[in-house]
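Please examine the sequence and the structure shown below before reading the report.

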Amino acid sequence: MSGDIMIYDILKLMNINKVNNIIQYKSLEDDSTYDVWKVVSDDNVYVLKKAKNYEIELYSKLLSKLEYGVPKLYKSVSYNDEDYILIEYVEGNELNKFDRD
């Protein structure tokens, strides 16, 4: 199955149907891809991320109570035995461009 088709299927499960652009994030060091995508729809910009371990529970029960500093969790779904989260896209420096200096 094509990766692009899979992402569109996941977004449809999340009721995100009018997608204009999808950009998969890559490592700046070795150009490897992350399981994280910037999704631009007609009405919003999101981040779709493959969830790891307890990430959905962490977002929904703990981080959602914080008012600042954490992207809002919009939805989560399971697709082909993998969990995905749709979170708020926040303008600013992207973490793949993080520099400790």
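The report concerns an aromatic pair and the strands around it.

This is a predicted model, in which local features need pLDDT of at least 70 and side-chain atom pairs count only at pLDDT 80 or more, while totals for chains, interfaces and linings use all residues. Residues are numbered from 1 along each chain as its sequence is written, and side-chain values use heavy atoms, with hydrogens and water left out.

A search of the whole structure finds one aromatic pair (rings of Phe, Tyr and Trp, the last by its six-membered ring, with centres within 6.5 Å; planes under 30 degrees apart are stacked, over 60 edge-to-face, the rest tilted). The ring centres of Tyr46 and Tyr74 are 5.4 Å apart and the planes stand at 85°, so this pair is edge-to-face. Because Tyr46 lies in strand β3 and Tyr74 in strand β4, the pair ties together parts that are 28 residues apart in sequence. Strands here are DSSP runs (E, at least two residues), numbered from the N terminus.

The two tyrosines are listed with their accessibility (buried is under 20% relative accessible area, exposed over 50%, partly exposed in between; 1.4 Å probe, protein chains only).

| Residue | Relative accessible area | Class |
|---|---|---|
| Tyr46 | 8% | buried |
| Tyr74 | 30% | partly exposed |

Strand β5 (residues 82-88) pairs with β3 in the antiparallel sense over five bridges; two strands pair if DSSP finds at least two bridges between them. Val47 stands opposite Ile87 in β5. Strands β4 and β5 also run antiparallel, joined by six bridges, and Tyr79 stands opposite Glu82. These two strands, β4 and β5, form a hairpin with two residues between them, and Asn80 in the turn has a positive phi of about 50°.

Note on methods. Helix = DSSP H or I, 4+ residues; strand = E, 2+ residues; numbered from the N terminus.
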